[in-house]
Amino acid sequence: MAEETTQKTVDDLADVTDDFSSWYLDVIQKAQLADYSPVRGCIVFRPYGFGIWEHMQRLLDARIKATGHENAYFPLLIPESLLQKEADHIEGFAPQVAWVTHGGDAELEERLAIRPTSEAIIGTMYAKWIDSWRDLPVLINQWANVMRWEKVTRPFLRTTEFLWQEGHTAHRTAEEAHEETLKMLEVYRAFAEEDLAIPVHKGQKTESEKFPGAERTYSIEALMRDGKALQAGTSHDLGTHFAQVYDITFQDQDGERRHVHQTSWGVSTRLIGALIMSHGDDQGLRLPPRVAPVQAVIVPIYRKDEEKAQVLAFAERVRAALVEAGVRVKLDDRDQHTPGWKYNEWELRGVPVRVEVGPRDVAKESVVFVRRDDRAKSFVPFAEVGATMVSLLEQVQDALFERARAFREEGTRRADDLATMAALLREHKGFVSAPWCGDAECEAAIKAETMATIRNLPHDAPEEPGACVRDGRPSRQRVLFARAY
Ligand SMILES: [Zn+2]
């Protein structure tokens, strides 16, 4: 094997522990995930970043379809009158809505909102499509872009335009709608944990944090490596609220006309931010293999010309064997960079496994695998590269999840009084599990004092009678507080 170069041509990243915020922005730029655009608050998804989204889409779409949903597409523009129909909804979104006022030079008679979400337009269509109990349930999902005028933006986490999926379902009974809301929350949990290797807490949002117009909102909440929480997906039980506003009724089995019960649920490109902040380290990204655009990169190592031909020919055979095994592999045969430079770059870009091929490997008909997550090396005979890689990728996926879970467990602390809670949040951030009486005033006061919000009332928390951290009133279970993105 050629000697490893120590040349460091990939610029140093900001320190992940000292300056997480700069580290995050550096990684996005240097790994070529996204770039800033001439439009304020809007980012460009570069191919590598969009590639991650495509894999997320593919995996989540399969889960959404496996639970009986179909995809459709609704218009980007929503007439103002439709949006105005629902008071809470418009009030919730009004400050963030972008409006189309002109077509060419002509002023429109009615302003059109660029969708901040699609309840209004989809509800209007459902009113046309649903007539009988036999038409129910309606289980539709849409992959789309939405726009919310944001004052402070941050790539992937909060951008004016973002990409997402939004599911919108209509049901005969409240029970069915509630069951659907929780079913999709579970789909999100499984997707986050199994595909993205991000452990999450499922739970219910408080009244003050719920979706405008929803009866109940549920979320999955994750812990980022800087100790801040991130809401990674939401599922809303809309009750008959929107059905009453948009007049979505059906004739029930007993002949009565009733309003449908609805749900909506979504995850967005914010999950790319979650991925970066859950797994990254000092060298850059660490991508879970299931969503990595490149799962393995082959770096050929040679110094002399006669070595080059041999090494590249062997590297090509390794590439073909990995493709054959279903691995997304790239052979980095660029001449202008040294192997060491390439190691740095692919580590920065989070490729789960590096394959090193040098003249001595050619002679032995074997290669070296190096894991991105823990740098462990293994020597693999050529005949076994495919099978070994497939199993190694699974191991990397599992290890990333376990590491993130251990980090979250360490980062979750209990407090029974406000002073302890404030100190924990100041010193460690993380989740603080604490009793809360259920009162919105307490919630607001705790937020003012600690900058922490109630992330959710976790479903996995046991019943545990206690006294509210702020005013001592009775609490039924501990809730999760954190400072959040
Ligand atoms: Zn209280």
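This is a chat about pockets, cavities, salt bridges and a surface patch in a predicted model.

Q: How much space lies in the largest pocket?
A: The largest pocket holds about 1300 Å³ of space. It is lined by 42 residues, and the closest to its centre are Arg148, Glu150, Arg158, Gln231 and Arg270.

Q: Which elements give two or more residues to that lining?
A: Helix H4 (87-93) does, along with strands S8 (161-171), S11 (229-239), S14 (261-268) and S22 (453-458).

Q: And how do the lining residues divide by class?
A: The lining of the largest pocket has 17 polar, 13 nonpolar and 12 charged residues.

Q: What about the second largest pocket, how much space lies there?
A: About 420 Å³. There are 22 lining residues, with Trp436, Gly438, Leu457, Arg476 and Val479 the closest to the centre of the second largest pocket. Helix H14 (440-450) and strand S24 (474-475) each contribute at least two residues to this lining. By class, the second largest pocket is lined by 8 charged, 7 polar and 7 nonpolar residues.

Q: Switching to cavities. How many of 30 Å³ or more are there in the whole structure?
A: The search finds 2. The largest cavity has about 60 Å³ of space, and the second largest has about 40 Å³.

Q: What lines the largest cavity?
A: Its lining is Val297, Trp346, Glu347, Val351, Val353, Arg354, Val370, Arg371 and Arg372. Helix H10 (339-348), strand S17 (353-357) and strand S18 (366-371) are the elements that give two or more of the lining residues. The split is 5 nonpolar and 4 charged, with no polar residues.

Q: Which element gives the most to the lining of the second largest cavity?
A: Helix H5 (residues 119-129), with 3 residues. The lining of the second largest cavity consists of Glu119, Ile122, Gly123, His168, Leu238, Phe242 and Gln262. These divide into 3 nonpolar, 3 polar and 1 charged.

Q: Salt bridges next. What's the count?
A: The count comes to 39 salt bridges. In one of them, the side chains of Arg172 and Asp252 meet at 2.7 Å, N to O. That pair links distant parts of the chain, 80 residues apart. Arg172 is in the loop between S8 and helix H6 (174-195), while Asp252 is in the loop between strands S12 (249-251) and S13 (257-259).

Q: Is Asp252 buried or exposed?
A: Asp252 counts as buried because its relative accessible area is 8%. Arg172, at 25%, is partly exposed.

Q: Where do Glu193 and Arg189 lie?
A: Both are in helix H6, 4 residues apart, which is about one turn of the helix. Their side chains also meet in a salt bridge, at 2.7 Å, N to O. Glu193 is buried at 15% relative accessibility, and Arg189 is buried at 18%.

Q: How do Asp471 and Arg473 meet?
A: Through their side chains, in a salt bridge of 2.8 Å, N to O. Asp471 is partly exposed, with 32% relative accessibility, and Arg473 is partly exposed, with 39%.

Q: Which residues are linked in a network of salt bridges?
A: Arg63, Glu194, Asp195 and Arg290 are linked in such a network.

Q: Last topic, the surface. What makes the nonpolar patch?
A: Tyr73, Leu76 and Leu77 make a nonpolar surface patch of about 270 Å². Tyr73 is in the loop between strand S3 (70-71) and strand S4 (77-79).

Q: Why does Tyr73 count as exposed?
A: Because Tyr73 has a relative accessible area of 54%, and exposed means over 50%.

Note on methods
Residues numbered from 1 in each chain as written. Predicted model: local features only at pLDDT ≥ 70, side-chain atom pairs only at ≥ 80, totals over all residues. Heavy atoms only, no water. Patch = residues over 30% accessible without salt bridge, like charges linked within 9 Å, V, L, I, M, F, W, Y side chains within 5 Å. Areas by Shrake-Rupley, 256 points an atom, 1.4 Å probe, with all protein chains shown as cover. Salt bridge = Lys/Arg side-chain N within 4 Å of Asp/Glu carboxyl O. Buried < 20%, exposed > 50% of the residue type's maximum accessible area, 1.4 Å probe, protein only. 1 Å grid on protein atoms, 1.4 Å probe; cavity = no way out; pocket = protein on both sides within 12 Å on 5 of 7 lines; lining within 4 Å. Points joined across faces, edges and corners; volume = space filled by probe spheres on them. Nonpolar A, V, L, I, M, F, W, Y, C, P; charged D, E, K, R; others polar.
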